[in-house]
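Biologist: Please take a close look at the aromatic side chains in this model. I would like to know how the rings are arranged and where they sit.

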Amino acid sequence: MANWKFGLFALLALCGLTSLVSGYKVGVGRADITGPPVEINFMGYANLKQVGRGLHTRTFARAFVVEDEKGHRVAFVSADCGMMGYGLKREVVKRLQARYGNIYNAENVAISGTHTHGAPGGFLMHLLYDISILGFVPQTFEVMAQGLYLSIKRATDNLVDGRIYFSKTTVLNANINRSPTSYLRNPVEERAQYEHDVDKTLAQLRFVDMENNLLGAFNWYAVHATSMNNTNKLVTSDNMGYAALLLEKEFNPNKMPGKGKFVGAFCSSNLGDVSPNIMGPKCSISGKECDLLSSHCPAGEGDCFAMGPGRNGDMVESTQIIGQRLAEGALGMLNQQSQESTAREVTGDVRFIHQFVDMPNYNGSTYNPLTRKLDKIRGCQPAMGYSFAAGTTDGPGAFSFEQGTITDNPMWNFVRDFIVPPTQEDVSCHAPKPILLATGRATFPYEWQPKIVSTQLLKIGDVIIAAVPCEFTTMAGRRLRNKIRAAAEADGNIETDVIIAGLTNIYTSYTVTPEEYQAQRYEAASTIFGPHTHTIYMDVFEHLTKAMMRNETVDAGPSPPYMNDVMLSLNPGVLFDGHPIGTDFGYVKTQPNKEYGINDTVKATYISGNPRNNLFTEKTYFTIERKINEDRWKVTYTDASWETKMVWHRTNTILGFSELDIFWIIGPHTLPGEYRIRHTGEYKYILGGKYPYEGLTHSFFVKED
């Protein structure tokens, strides 16, 4: 009898263990979110001269959906864009609910930006972030909303029984700290716990079906997607996007970029003070070292500019090198025979929790280890400091502003006060930050920066993803991970791995540690809620973690304002397209040469319409085709391929003439043979309507190397 009971108990335990291990449904999806590639300013550097002139790589949204055996579900999206705006997330959730009911909501959907600075802006719906884009851009907003929605829809449609694995590896020579003097302000005993002044860990979630077929891999790494600098005018997903293209190419052989079942994403983390330009900053003219504290160069020696590892700082090559290093780290973990493969299976239930926080009106307390007392903390009205205008070593600012500025200037204060003056309370609340823009007090024509932020946790088994609404610096992220991990262990009695997902759900610039705030470099000047911003987030996320682990609900908090109906834009639409007499749209003005070799660049020029007439979402503006036989040509490259570029330029503004250059760099693995280039577009007729056209070059040959 005792043996029978023991056997039954063992069987039940085994069944419970099996359920614990394999109780997930997992799905991955991808969709095109490429915005208008021309005539729209890029989001990131806030450079009015950085107006799109074409396309290097398409941008994508990559999503995963996980559901446990109780039906608890979460969706996470990594999007090739600068950051996320809440108006955009709200629209995505609205579309999801129109199709799926209440399965998806603001609490279980997280959308994160990779932080590329090479994609069209105009979708954030706050004036400060859209002003350099000349306002709201409906075309950008719509293609992103639909693409983000489609990525989650496809992941949902692809749900299968599966397993999840978590692993970590170290990736060196891919990032440096761009504000090292600020980092040094953190306590020496805290810094001694870490080998580097930036995080070198690449964290990965791998999704497989029950037959162990690889479905997707999402990778988090702390580095700015700023290998392409502010002189770039072609849409690009930058280093993170290139790493994703390489990873997907590995597991989607013979598929065009953006196609194939496997989805590989590289997602942002606590990248606030982290640069991919690992050769460090130098004065752009003299080549001498910049001042370490201010990132300033003497008069006549140029701007303080950091360069990547490409030859002579070439930004395209730098993008490739950083992206390649990230992709190799991820591939090492996916290769089960590799020494880097240290994956453990993720087990446990799925949970989520979300809360809106009114940051300027947040009041709390925190324990001060120095005084051993509770200190009161509060948030400030949003404001940007002087050093915000100095820019960073990835993209210097203007008007001779310097990083590390802690004193104000009467002239700039006059300009500030003419726009909107801060109150004396604002000045004291933000100290030692001298306020350059009192954005929290500005309301015309609508809100300049968010006051209500989104805070969110997604728990997938023993992995917790912290969705933060800004750019956390290295130490700010480390402290938050430790805080969440400790709270989860205390209230859930489980050891967890914590991932910081940056630039998620809404954008509120930066968050630095209180010690880094005192230095007032760019990141601190852009910490918009004042010196206690990080402490508030630590408090909020600890509370959320405890509530989530106890399965308690929290107050939803005040929702961000709905501003879709008050958006303004100074971006004119396409009026009409024209072409010179004797030609037509699609006419090949410059034909390729008859023959090329490996590493040569093919160029073709077409009479074109404006690319904004049709974004060719999920399609392509052009194809490179190889002849298979007399009746068949095969597409070998598209506008999403790294090897190709598309550059558009006006030739006559009054008559609406324009031309399109298509470039193809012939790589070492290109098959010899006969090729041609096909361009597809739309033109806008002066009397109304848009009409398709197509142009085809003569064929040319790629010879064997």
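Modeller: What follows goes through the aromatic pairs, then a cluster, then charges over rings and one tryptophan. The model is predicted, and every value below is computed from it. The count of aromatic pairs comes to 28. One of them joins Phe 76 and Trp 220, with 5.5 Å from centre to centre and 55 degrees between the planes. This pair is tilted, because that class takes the angles left between stacked, under 30 degrees, and edge-to-face, over 60. The two residues come from distant parts of the chain: Phe 76 belongs to strand 5 (residues 73–79) and Trp 220 to strand 10 (residues 214–220), 144 residues apart. Phe 76 has a relative accessible area of 0% and is therefore buried, since the cut-off for buried is under 20%. Trp 220, at 2%, is buried as well.

A second pair also involves strand 10. The ring centres of Phe 207 and Phe 218 are 6.1 Å apart and their planes stand at 85 degrees, so this pair is edge-to-face. Phe 207 is in strand 9 (residues 201–209) and Phe 218 in strand 10, with their positions 11 residues apart in the chain. Phe 207 counts as buried because its relative accessibility is 1%. Phe 218 is buried too, with a relative accessible area of 0%.

These two pairs belong together: Phe 76, Trp 220, Phe 207 and Phe 218 are joined by Phe 64 in one aromatic cluster.

Charged groups also lie over aromatic rings. Arg 478 is placed over the face of Tyr 194, at 4.0 Å from the ring centre. Arg 676 is over the face of Trp 633, and there the distance to the ring centre is 4.1 Å.

The last residue to describe is Trp 664, found in strand 33 (residues 657–665). With a relative accessibility of 0%, Trp 664 counts as buried. Leaving out residues up to four places away in sequence, Trp 664 touches several aromatic residues, including Tyr 637, Tyr 675 and Phe 700. Its contacts also include Val 602, Ile 624 and Val 702, along with Asp 600 and Glu 643. Thr 601, Thr 644 and Thr 670 are among the residues touched by Trp 664 too. Phe 141 is 523 residues from Trp 664 along the chain, and the C-alpha atoms of the two are separated by 30 Å.

Conventions:
Residues are numbered from 1 along each chain as its sequence is written. This is a predicted model: local features need pLDDT of at least 70, side-chain atom pairs count only at pLDDT 80 or more; totals for chains, interfaces and linings use all residues. Side-chain values use heavy atoms; hydrogens and water are left out. Rings of Phe, Tyr and Trp (its six-membered ring) pair if their centres lie within 6.5 Å; planes under 30 degrees apart count as stacked, over 60 as edge-to-face and the rest as tilted. Helices (H or I, at least four residues) and strands (E, at least two) are DSSP runs, numbered from the N terminus. Buried means under 20% relative accessible area, exposed over 50%, partly exposed in between (1.4 Å probe, protein chains only). A charge sits over a ring if NZ of Lys or CZ of Arg is within 6 Å of the ring centre and within 35 degrees of the ring normal. Contact means heavy atoms within 4.5 Å.
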